[in-house]
Amino acid sequence: ALFKGPAQVLNRTYDYIVVGAGAGGGVMASRLSEDPHTRVLLIEAGGSDFLNINLSVPGFAPTLPGSQFDWNFTTVPQAGLDDRIINYPRGFVLGGSTSINQMAFNRGTRDDYDRWARVTGDDGWSFHKLYPFIKGMDTVTPPADHHNTTGEFDPAVHGHGLLPISLPGFLLPTDDKIIETTDELPEQFPFNLDYNSGDTVGVGWSQQTIQDGRRVSSATSYLAAAFNRSNLDIVVNTHVTKVFPVGSEGHKPVVRGVEFAQSADGPLYTSKATKEVVLSAGSVKTPHILLLSGIGDAAYLSSVGINPIVDLPAVGQNLQDHPYLRISWLVNSTDTLDNLQRNATLAAAVLAEWQTNHTGPLVLGGGSQRAFLRINDSDAFFASLGTSDPSAGPTSGHYELITRNGFGATRQALPAEGHFFSFTIAVVSPSARGNITLASTDPFAAPAINPNFLANPVDLAIMRSGIRAARAFVSAPAWSGYILSEFGPSADAHTDDELDAFSRNNTDTIDHPVGTVAMGKGVAGALEPDLRVKGTVGLRVVDASAFPFIISGHTQGESTV
Ligand SMILES: Cc1cc2nc3c(=O)[nH]c(=O)nc-3n(C[C@H](O)[C@H](O)[C@H](O)COP(=O)(O)OP(=O)(O)OC[C@H]3O[C@@H](n4cnc5c(N)ncnc54)[C@H](O)[C@@H]3O)c2cc1C
C-alpha cells in the first residue's frame, strides 16, 4: 500500500526496509517483494506524484531540475570552474532521479564492468558474468511514431525485461546528416549499431527510457509492477534521518534500525528490519545518512561531534561525475526545436498533440544520437600529460557528443533570433575525484557537495579534444550549406588556453554522481563486493554510490542493474 506518512507503518514488521525509491531502491523494493512471504517497507523523502504531466512528457525534462521534484542541492565553489557554485539536481519523488532525468539509457561497457571486477576482486561484476542480467533488464518497444527501426539498434543484445526503452519517436531534419557523417568520416566517427552491446565507441541512435511517447521511470516500471502487493508498503514524504544499531554480532554492530521524520521540527519515528536495511538514497544522500549515523571516518566524525560507530574512511569520498558543456552553430534552416521555445502557439499545439496521441516533438528525450569517442593515439596523448589512460579500456570512450537540433548552452539563454545545431560534450572517463561531507549535523540540512570538476588537468585536455571533435564532425560534407558559423563564446576559443578558459566558464554537471560509498578492497572501499557495508551486519547500499568507478556512459542503467 502507498501511505502519505509513517503513521500506518509504525506497528508493522518488515524483513527489509529500503531507503529511497530511485533507480536502485525502486528495483530493490520491487524485486524483494516478488516473494509474497517477504515483507518490505520502502521509505521515500519525496512525494508520490510520479505521473505528473511534467514528469511524463519527455520534452519537459529540462524544466525538472530546480522544480519541486528536485532536492535543489548546490555544490561548494568549484576551483576548476572559476570558483562557481553550480546546481546539483537529484530527483525528489517516487522514481528518484529516474523521474527527472534526460532518459538516456546506457549500459556500461565490457571494460567498465571488468574494471569493477578487478577493483572489487569479485568476478561476479565482470561483463561476462553480468551480461545475462544486463540483457534481461530492458525491452525495446516501438518508437512513438512507429517508424521502422531496422538498422538503428541490434535486437540480439536486448531481452524482455521490466524496463521498456525505445528509439527516438520523432525524426528530425538533422538525423540524416548525422548518420551521413559516419559514412563520410568513418575513421573518426564510425557508426555503432548499438552502443549497449558492451562496446560504446562510435556514433549511434539514442536508446531512451521512453515508452509510447511517455517517460519510463523506476516508479512507472519496477514499482508500478509491485504497487498492489500486500507485502510491500511505500511511505512517501518521509526522510530517513539515520540508521542505528539494534545489537551486535561478534564485534560488529547490527544496523537494522531506521529513524525517520516528516520535517525538521516534526516527531522522529523508528522502525527495525528483521533482515536488512538497504540504503538506496543515491550518491549524495546515502553517504550523508551514513555519516549522520556515525559510519564514516571516525576521526572526522568525532571532530564534528558525531559519535563514530564504524570507522569507514571511504564513506563520502571518491565522488565521480561527468562534467559537460555545450557549443552551438547557427544553421541555414528554420526547422529546429528552437521554434518550440519561441512560439507559444506552436508550443501549445505540440502539447495538444502529445496529450491526444503521445506523438510529436515532445516525445523526444535529450539528443536523438550520441557518440562515445576515444582520443586518437591515446597512449601517447596521456603519456604527454604525464599520466596513463583514465578510461577503463578500448570499449569505453573518453568523451561523449550528444546531438541537438536547436540551441544549447549551459550559461546562455536562447537568443531572440537565429536557428541552431548544438553538441553537448561530456568527459565520460574523468580523473577528478571529489567528496560529500557534512555542512551541519542537522539531517534536514544539505551536505557539502564537491565534485571537484575540472580540478584535474587531464579532464580539461579531454574536454578540449571533445570540442575539437565536435567541430570536426560538423565540417563533414553532409553539413555543407547547413552549418553557417559557430555561435557564442566558444567561437573565439581555439588555443588550448582559450578552450580551457571557455571550459572552466561553461562546464556544468550532467548529473551522474557515483562512487561515494564504493565497493572495493581495503580502506579505499566502503562496501564488500556484495554491497554490504563493511564492519556492519544487516546493512547494504544498493545505488550509484556503490560504483567503484564511474561508467563511461549514463548512469541510470547501472543503478538499475
Ligand atoms: C537532471 C538529471 C538528468 C539525468 N540524466 C540521465 C540520463 O539521461 N541517463 C541516465 O542514465 N542517467 C541520468 N541521470 C542520472 C540517473 O538518473 C542516476 O544515476 C540514477 O537515477 C541514480 O540512481 P540512484 O538509485 O543512485 O539514486 P536516485 O535515482 O537519485 O534515487 C534516490 C532516491 O532516494 C530518495 N532519498 C534520498 N534521501 C532520502 C532520505 N533521507 N530518506 C528517504 N528517501 C531519500 C530520493 O528522494 C530519491 O527518490 C540524470 C540525473 C538527473 C538528476
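This briefing covers two pairs of annotated residues and two helix environments in the structure above. The model is predicted. In an unreviewed entry, UniProt lists His512 and His554 under "active site" and Val93 and Val240 under "binding site". Helices α5 and α12 are described after these positions.

**Positions listed as "active site"**

- His512 and His554 are spread over 43 residues of sequence, yet they cluster in space, with a largest C-alpha distance of 6.9 Å.
- His512 lies in the loop between β26 (508–509) and β27 (539–541), whereas His554 belongs to the loop between β27 and α14 (556–560).
- His512 is buried, as 28 other C-beta atoms lie within 10 Å.
- His554 is likewise buried, with 30 other C-beta atoms within 10 Å, where 20 or more suffice for a residue to count as buried.
- Not counting residues up to four places away in sequence, His512 touches Asp321, His322, Ile550, His554 and Thr555.
- With those neighbours again not counted, His554 touches Ala104, Asn106 and His512.

**Positions listed as "binding site"**

- Val93 and Val240 span 148 residues of sequence but cluster in space, the largest C-alpha distance being 14.2 Å.
- Val93 is found in the loop between β5 (87–88) and α3 (110–120), and Val240 is placed in strand β12 (residues 239–244).
- Val93 is buried, with 28 other C-beta atoms within 10 Å; Val240 is also buried, with 26.
- Leaving aside residues up to four places away in sequence, Val93 touches Gly46, Gly47, Asp49, Phe50, Phe69 and Ser99.
- Beyond its neighbours within four places in sequence, Val240 contacts Val19, Ile43, Val258, Glu259, Phe260, Ala281 and Ile289.

**Buried side of helix α5**

- In helix α5 (residues 174–184), the buried residues are Thr174, Lys177, Ile178, Thr181 and Thr182.
- These residues cover an arc of only 145° around the axis and therefore lie on the same side of α5.
- The elements covering the buried residues of α5 include β8 (202–205), β20 (369–373), β21 (399–404), β22 (420–427) and α12.

**Packing of α12 with α13**

- Helix α12 (residues 457–473) packs with helix α13 (residues 496–506) at an angle of about 100°, and their axes are 10 Å apart.
- Because angles of 65 to 115 degrees count as roughly perpendicular, α12 and α13 are described as roughly perpendicular to each other.
- On α12 the contact is made by Leu460, Met463, Arg464 and Ile467, and on α13 by Asp496, Leu499, Asp500 and Ser503.
- By class, this contact comprises four nonpolar, one polar and three charged residues.

Notes. Residues are numbered from 1 along each chain as its sequence is written. This is a predicted model: local features need pLDDT of at least 70, side-chain atom pairs count only at pLDDT 80 or more; totals for chains, interfaces and linings use all residues. Axes are lines fitted to C-alpha atoms, for helices over the stretch in contact, and angles run from 0 to 180 degrees between N-to-C directions. Helices (H or I, at least four residues) and strands (E, at least two) are DSSP runs, numbered from the N terminus. Angles under 35 degrees count as roughly parallel, over 145 as roughly antiparallel, 65 to 115 as roughly perpendicular and the rest as oblique. Two residues are in contact if their C-beta atoms, placed from the backbone, lie within 7 Å. Ala, Val, Leu, Ile, Met, Phe, Trp, Tyr, Cys and Pro count as nonpolar, Asp, Glu, Lys and Arg as charged, and the others, Gly among them, as polar. UniProt positions are given in the numbering used here, feature names are shortened, and annotations may be inferred rather than shown by experiment. A residue is buried if 20 or more other C-beta atoms lie within 10 Å of its own, exposed if 12 or fewer, and partly exposed in between; C-beta atoms are placed from the backbone. The arc is that of the directions from the helix axis to the C-beta atoms.
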